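Here are a few exercises to work through with the model open in your viewer. Try each task before you read its solution.

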Amino acid sequence: MSYVVVFPTIFSKNKIPQLISNIKKILKIKNQQFNSVKRDGEIILVDANDPVFASSAINMLFGIKEIAIAKQIKNNYQNIVSEITSIGGNLLLKGEKFLVRVEGTSKGFLAKDVEIAATSNIIEKKSKLGAHPGTDLDYDKLLYTYLTKNNAYICIFSDKGKGGIPYQSQSQKTICAVYDELSAVSCYETIKQGYDTKVIVCYRQKSELMNLAKVLNQIIPRLVQEKIELEFFHLKINPNGIKNYLTYVNSILEIMLQYSNKRVSLALSPLVFSSDFIDNALKLVFTKKKIPLIPLSGVDTSLFEEAKEIGLEKSIKKLEKIVTISSYEIPSFAKKQVENAQKTKKMISIQVGPNNVHDILDSLEENH
């Protein structure tokens with residue numbers, strides 16, 4: 001029988017119940033039928049009607065190191081060698097270098113023994129294909145098997161997960177603003193770090209809305225909810241110049257501080273902003289008896305990888321422009337513009353689905 005097998009990240013191994021809950025939610029949101037979601041040791045098994053679509057839906061979640069579609073058999077030496085030979089052999093193409101890897105709990109045999117036996121069997125049975133063993137560093141196809149106490153899972157297909165920990169592992173509600181490429185990655189990181197996140201959106205001119213809607217379309221499904229409420233603020237601050245940008249960032253912080261959320265996620269990084277600017281923002285948060293989070297504080301060049309993850313490939317140049325800010329100014333927020341922005345507040349409710357970009361823009365047009 002084939003299952004979707006979810007391998008939690010090392011940081012999620014003590015949060016598996018939350019990950020199971022999120023898997024059930026995302027499958028329901030994506031209308032994927034499933035019979036069960038259960039543990040087998042340190043992995044999660046999903047018995048889904050359509051494993052391919054189910055694995056694609058599940059892989060939107062955080063807390064996953066790897067996800068696979070695998071055949072389950074009993075943890076028995078002869079069976080495992082036989083199945084790896086059969087399934088692995090069928091996956092190989094002419095002349096491919098393959099690597100057999102077996103991990104997990106073995107009973108009465110070593111994982112290495114299985115690897116050697118299955119490798120020699122495949123060489124023998126697939127000699128006409130010209131398939132031959134590769135090395136840990138040089139192979140075309142990985143034939144992976146994971147062993148639990150009672151079962152073995154021979155992978156037919158596998159994909160890398162998004163890392164992080166399961167959404168809502170950190171129970172406190174956190175407010176997060178999306179207003180450009182850097183803040184989008186920061187919001188993505190906030191969710192990836194398990195925080196229950198409320199998203200507000202700020203923009204300076206209507207021309208920015210299409211890009212922001214596209215980014216939100218990538219972020220919204222990570223919130224594992226059928227319906228998302230978003231609030232939009234039009235902050236009329238000049239989009240040109242570093243000082244105006246810093247004024248914009250501090251004005252958005254002022255808007256976030258007016259919410260009741262105890263935790264405030266700041267799209268700041270010591271690699272981008274001066275320490276004085278960051279210290280000033282932290283003091284403002286503490287003054288309101290709230291707790292600041294800086295999800296980008298440990299993120300360096302992986303920032304650009306995460307930008308691509310949320311569909312910002314075409315905006316990398318803009319992101320590079322933001323991250324090369326060099327200013328030691330700490331402009332105050334724009335009081336009048338913040339007051340006016342509060343009056344422009346638009347709340348829209350979005351049903352999570354493939355057309356969120358248009359839903360967001362249409363809802364905003366209706367509200368204007």
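**Exercise 1. The second largest cavity**

By class, how many nonpolar, polar and charged residues does the lining of the second largest cavity have?

*Solution.* Keep in mind that this is a predicted model.
- Step one: list the lining, which consists of Ile 84, Ile 87, Gly 88, Leu 91, Leu 143, Tyr 144, Thr 145, Ile 154 and Cys 155.
- Step two: sort these residues by class, with Gly counted as polar and both Tyr and Cys as nonpolar. That gives seven nonpolar, two polar and no charged residues.
- Step three: trace the lining back to its elements. At least two residues each come from α3 (77-91), β7 (141-147) and β8 (151-163), and α3 has the largest share with four.
- Step four: add the volume, about 30 Å³.

**Exercise 2. The largest cavity**

Find the largest cavity and say which element supplies the largest share of its lining.

*Solution.*
- Start with the count: the structure holds two cavities of 30 Å³ or more.
- The largest has about 100 Å³ of space. It is lined by 14 residues, and Tyr 179, Val 249, Met 256, Leu 266 and Ala 267 are the closest to its centre.
- Next, look at where the lining comes from: β9 (170-178), α7 and α8 (275-287) supply at least two residues each. The largest share, four residues, belongs to α7.
- Finish with the classes: twelve of the lining residues are nonpolar, two are polar and none is charged.

**Exercise 3. Helix α1**

Work out how the span of α1 compares with the expected one, then find what covers its buried residues.

*Solution.*
- Helix α1 runs over residues 16-29, which makes 14 residues. From first to last C-alpha it reaches 20 Å, close to the 20 Å expected at 1.5 Å a residue.
- Now pick out its buried positions: Ile 16, Leu 19, Ile 20, Asn 22, Ile 23, Ile 26, Leu 27 and Ile 29.
- Their cover includes the strands β1 (2-8), β2 (34-40), β3 (43-48) and β4 (64-74), along with helix α2 (51-58).
- Step just past the end of α1 and you meet Asn 31, with a positive phi of about 55 degrees.

**Exercise 4. Two residues to classify**

Asn 261 and Lys 162: is each one buried, partly exposed or exposed?

*Solution.*
- Take Asn 261 first, in the loop between α7 (242-256) and β12 (263-265). Its relative accessible area is 9%, and the cut-off for buried is under 20%, so Asn 261 is buried.
- Leaving out neighbours within four places in sequence, Asn 261 is in contact with Lys 173, Thr 174, Ile 175, Lys 198 and Lys 290.
- Then go to Lys 162, in strand β8. At 22% relative accessible area Lys 162 isn't under the 20% cut-off, so it is partly exposed.
- Not counting residues up to four places away, Lys 162 touches Asn 59, Leu 61, Phe 62, Ile 64, Tyr 188, Lys 192, Arg 222 and Glu 309.

**Exercise 5. The whole chain**

Zoom out: what percentage of the residues in the protein chain is buried?

*Solution.*
- The chain has 368 residues, and 53% of them are buried.
- Its elements are twelve helices and 14 strands, and the C-alpha trace spans about 75 × 40 × 35 Å along its principal axes.
- For the contacts, take pairs at least 6 apart in sequence: 78% of these join residues at least 24 apart.
- Last comes the accessible surface, about 17,600 Å², with 50% belonging to carbon and sulfur atoms.

Key. Residues are numbered from 1 along each chain as its sequence is written. This is a predicted model: local features need pLDDT of at least 70, side-chain atom pairs count only at pLDDT 80 or more; totals for chains, interfaces and linings use all residues. Side-chain values use heavy atoms; hydrogens and water are left out. Buried means under 20% relative accessible area, exposed over 50%, partly exposed in between (1.4 Å probe, protein chains only). Contact means heavy atoms within 4.5 Å. The expected span of a helix is 1.5 Å times one less than its number of residues. On a 1 Å grid over the protein atoms alone, a cavity is a set of points where a 1.4 Å probe fits but cannot get out, and a pocket is an open set with protein on both sides within 12 Å along at least five of seven lines; lining residues have an atom within 4 Å of a point. Grid points are joined across faces, edges and corners, and a volume is the space filled by probe spheres set on the points. Accessible areas come from the Shrake-Rupley method with a 1.4 Å probe; for residues, only the protein chains shown count as cover.
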